[in-house]
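Student: Could you take me through one part of this predicted model in detail? I would like a careful account of a single strand and its neighbours, followed by a look at what lies elsewhere.

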Amino acid sequence: MATWADLVRPVLLMVVLLCRPAFAFYLPGSYMHTYSTGDKISVKVNSLTSIETELPFSYYNLPYCRPDEGIKKSAENLGELLMGDQIDNSPYRFKVNVNESLFLCMTKPLSEHEVKLLKKRTRDLYQVNMILDNLPAMRYTQQKNGALIQWTGFPVGFTPSSGSEDYIINHLKFKVLVHEYEGSGVQIIGTGEEGLGVISEAEKKKANGYEIVGFEVIPCSVKRDPEVVSKLNRYDQIDPVSCPLELEKSQIIREGERVSFTYEVEFVLSDIRWPSRWDAYLKMDGARVHWFSILNSLMVIFFLAGIVFVIFLRTVRRDLTRYEELDKEAQAQMNEELSGWKLVVGDVFREPSCPKLLCVMIGDGVQIAGMAVVTIIFAAFGFMSPASRGMLLTGMIILYLFLGIVAGYIGVRLWRTIKGTSEGWRSVSWSISCFFPGIVFVILTVLNFILWGSNSTGAIPISTYFVLILLWFCISVPLTLLGGFFGTQAEEITYPVRTNQIPREIPARKYPSWLLVLGAGTLPFGTLFIELFFILSSIWLGRFYYVFGFLLVVLFLLVIVCAEVSVVLTYMHLCVEDWRWWWKAFFASGSVAVYVFLYSINYLVFDLRSLSGPVSAILYMGYSLIMAFAIMLSTGTIGFLMSFYFVHFLFSSVKID
């Protein structure tokens, strides 16, 4: 006879296989490049981004200098496309270890449209993002108290406190940090956009040279004489500039003005080694807050564990021991005096309402939870560094697609358990493969039309849409159907007690049970909300999130809290003779999504006060809704499976004919 464990055994097996020990180490970033003095290196440009609007735009949407060979897009993975990244080449050229001050180009007289666009991008605080050897340009600003604040990118322009005019950033002072490298006795393994590779001994000898370990920029605005500048050609030498300059010497944004773009580059030897070059970007702020979050979660877990301990050892075990020690006549007499959960023995496994929907949501929940666990484990071990743009999102999509086989198996297995037959398993499998992806697809399509209307690079290209649909129907759907077929062939799970033909009447209560279920979500949310702040900040404020070790611990604690909350709520409902526990077990832990969504609204109001425009707010709410829905399915599935085990174990110990 199969047991509840057959429902989760494939999930555990996959986690064990994916997490088996391996002897390796990871260095964030791409395959290491070494350069000789005088080698030419190019700067790439990414989409313009802002925390004001959250709408990315192309760099060449503004009247910037264009490369002589034309605009060429860099190779982009699926994650980069979905995140709105658009990486192009640029005319900025450096020569290793050669300090230069160069003229780039001068624009034609600015048109009315270009002036409006520059002013709008300036006032919306858009940032220009540049990349050199896979390192984003970093900028430092000093506060009044002397503290340095680190930023990535530099603003399109600035508006003085008077607010009368806007000025464009047209002169850049670059500082490139290089480390002298000697290729001997060191093995380097990289996992970036250039792929995985190992430097051989022969290559090490050729690899002597300089590594780029830092990329900093100081932006400023400089007004130059158009008559003098018009005589210069691209990459002609110019005099260095001391930044910042007075407003009188800055380049104003005005119709008819011709803007000249120039830059300086300085190479500085650094002691930073190539494997540590991302440390400056990945500085972990608020480590004490992360530890506080974990300690807070542990307190909640111990509190709930104490309740579960009392339920099992003091109440359930005591009642079962007393019951087993009685003879048959005494048991029959005791059956008439039973109270609480023992009275619903003939109804506890009665088919729930909307059984197909429950199976579909459990199947999708297993798929999402499995994807989250495996992704965070890989990220915690360094396989999904921010240096590899888009790899985190790409990995999540791939894992979700292939975990369809587990989702189909679990969903159909639960369907067979509830219905007692495999009839209709194809419909269940199809629903599992289309339920969550279909909802996400509808929301993303609506948001995409909004982005298309704004001419934002955040809009998903039509070609990418077809790729996603192709992956969905060619990988996820067939694997889900295959998993469902395996579910029909697996050994049947049988209930430990028989179900009565006539359902037992549920006693009336003063307060609705759903109020208790909704309140139960506060405990898992207490485990999650501090880490949720850092996650939202990384998504909407352009910060790097790289504390996946903390996130893995928080995820582990969240699973425990969800399981404990669901078990306690299920037991409480059974004790008041409420045998409709199926959906309540799911939403006891799944209701955390309500608080996550409310917290997202709170974050929008109080932490994203600068977010302007209805388009940005709609985008934010749409993505928050997708996140909350995924959290509901995954946490609800964890709680339901644990409650199913609890109820199955509890009533399998009761020997009643």
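**A covered strand and its surroundings**

Tutor: In this predicted model, strand E12, which spans residues 171-181, is mostly covered, with 8 of its 11 residues buried. Strand E12 is joined by 11 bridges to strand E15 (residues 209-220), and these two strands run antiparallel; within that pairing, His171 of E12 has Cys220 as its bridge partner in E15. E12 also pairs with strand E16 (residues 260-269), here in the parallel sense and over 8 bridges, and His171 appears again in this pairing, with Thr262 as its bridge partner in E16.

Elsewhere, an open sheet of 4 strands follows the order E2-E1-E5-E6 with antiparallel pairing. Strand E2 (88-95) and strand E6 (135-136) stand at its edges, and because each has a single partner strand, one side of each is left without a neighbour in the sheet. Between strand E1 (residues 40-45) and strand E5 (residues 130-132) there are 2 bridges, in the antiparallel sense, and Val45 has Met130 as its bridge partner in E5.

On the surface, a nonpolar patch is formed by Leu518, Val594, Leu598, Ile601, Val605 and Phe606, which together have about 500 Å² of accessible area. Helix H17 (residues 592-606) gives the most to this patch, with 5 residues, whereas Leu518 has its place in helix H13 (residues 513-520). Leu518 counts as partly exposed because its relative accessibility is 38%, and partly exposed covers the range between the 20% limit for buried and the 50% limit for exposed.

Technical notes
Residues numbered from 1 in each chain as written. Predicted model: local features only at pLDDT ≥ 70, side-chain atom pairs only at ≥ 80, totals over all residues. Heavy atoms only, no water. Buried < 20%, exposed > 50% of the residue type's maximum accessible area, 1.4 Å probe, protein only. Pairing = 2+ DSSP bridges. Patch = residues over 30% accessible without salt bridge, like charges linked within 9 Å, V, L, I, M, F, W, Y side chains within 5 Å. Areas by Shrake-Rupley, 256 points an atom, 1.4 Å probe, with all protein chains shown as cover. Salt bridge = Lys/Arg side-chain N within 4 Å of Asp/Glu carboxyl O.
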